[in-house]
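Reader: I should like to go through this model and ask, for each term applied to the structure, what justifies the term. Please set the values against the criteria.

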Amino acid sequence: GYKIIDNNSEYGFRFRLSHISAHIVDGRFDVQNFGWRDDLLPFVYSREFVELFPFYKTGDLRVYAGLTYLFHVIPDGIGRGIYQVGFDYYYTSFPLKGITPFVANDFKITKTEKYNGNNIFVAGIKFGNNNGNGFSILYSHYSGKSIHGEYYNINENYSSIGINLDL
C-alpha cells in the first residue's frame, strides 16, 4: 500500500498479488444418505490475481475504486475482471466522545456465466479511538454471488448483526 497525507485529505492505493483456493469436499458428504449434500459434487476452486485499488479520503469520507485481474482461474467460465467501487464514512463530529457512527458500501461486478453485481452495506457504531483500538457493533447486508469460492455461482441475500474488535 501507499498513502500520501495532504492537509485534510489522503490519497493512495493498495496493490495485491494473491492466490485463493477452496475445495468443496470437507464436510460435504452425507454418510446417512450416502451422497453429496445439495447434489454439489467436489471440485477445485482456485484463482491467482493482481489488484489495484486507488482511494481518496477527505475529512471523514473515503472513496475507492478498483480492478482485480484474475490471470489464472479454475473452473472455467469465471470472468477475468472484477470491477469494484465503494465508500466509508465515519461521523467523527458525533457529540458523544469516544463514539463514532459509520456507514459503508461496497459494490463489485463479477462474471460467472453472466455479469453479476455484489453489494455489501454496513452501518454501525464504533466505541474507542476512530483510527485505533476499540470495538464496533454493526449491521451488515449482503446480496450477490457467494463470497466463498467453492459456492461462486450461488446467489445469497442475508443480513447480520455483529461485533468487530480493533486491537
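Author: The model is a predicted one. From the N terminus on, the elements of the protein chain run β-β-β-β-β-β-β-β-β-β-β.

Reader: How many helices and how many strands does the protein chain have?

Author: The protein chain has 11 strands and zero helices. Its C-alpha atoms fill a box of roughly 60 × 35 × 25 Å along the principal axes. Of its 167 residues, 31% count as buried. The area that the chain exposes is about 10800 Å², and carbon and sulfur atoms supply 58% of that area.

Reader: Why does E10 count as buried?

Author: The cut-off for a buried residue is a relative accessible area under 20%. E10 has a relative accessibility of 18%, and therefore it counts as buried. This residue lies in strand β2. Leaving aside residues up to four places away in sequence, E10 touches K3, I4, I5, F55, Y56 and K57.

Reader: Why does N7 count as exposed?

Author: An exposed residue must have a relative accessible area over 50%. N7 has 78% relative accessibility, so it counts as exposed. N7 is found in the loop between β1 (2-6) and β2 (9-23). Its phi is positive, about 55 degrees, although N7 is not a glycine.

Reader: Why does F34 count as exposed?

Author: The cut-off is again over 50%. F34 has 67% relative accessibility and therefore counts as exposed. F34 is found in the loop between β3 (29-30) and β4 (35-36). F34 is a residue other than glycine with a positive phi, near 45 degrees.

Reader: What makes up the largest nonpolar core?

Author: Seven residues make up this core: Y45, F49, L70, V73, I78, I82 and Y152. Membership requires buried residues of the nonpolar kinds, joined through side-chain atoms within 4.5 Å. β5 (44-58) and β6 (61-74) each supply at least two residues of the core. As a general matter, nonpolar side chains in soluble globular proteins tend to be buried together.

Reader: Which residues does Y152 touch, not counting those up to four places away in sequence?

Author: Y152 touches F43, Y45, P75, I78, T112, K145 and S146. A contact here requires heavy atoms within 4.5 Å. Y45 and I78, two of these partners, are also members of the largest nonpolar core.

Reader: What is the omega of the cis peptide bond that joins I74 and P75?

Author: Omega is about 10 degrees for the cis bond between I74 and P75. P75 is found in the loop between β6 and β7.

Reader: How do you know that strand β7 and strand β8 pair, and in which sense?

Author: Pairing requires at least two bridges between the strands. Strand β7 (residues 81-90) and strand β8 (residues 99-111) have eight bridges, in the antiparallel sense. D88 stands opposite A104 in β8.

Reader: Over how many bridges do β8 and strand β9 pair?

Author: β8 and strand β9 (residues 115-128) pair over 13 bridges, in the antiparallel sense. With at least two bridges as the requirement, the pairing criterion is met by these 13 bridges. F107 stands opposite N119 in β9. The connection from β8 to β9 is a hairpin through three residues.

Reader: How far apart lie the centres of the positive and negative side chains?

Author: The centres of the two sets lie 4 Å apart, with 15 positive and 16 negative side chains in the protein chain.

Definitions and conventions
Residues numbered from 1 in each chain as written. Predicted model: local features only at pLDDT ≥ 70, side-chain atom pairs only at ≥ 80, totals over all residues. Heavy atoms only, no water. Helix = DSSP H or I, 4+ residues; strand = E, 2+ residues; numbered from the N terminus. Buried < 20%, exposed > 50% of the residue type's maximum accessible area, 1.4 Å probe, protein only. Areas by Shrake-Rupley, 256 points an atom, 1.4 Å probe, with all protein chains shown as cover. Lys, Arg positive; Asp, Glu negative; His and termini not counted. Charge placed at Lys NZ, Arg CZ, Asp CG, Glu CD.
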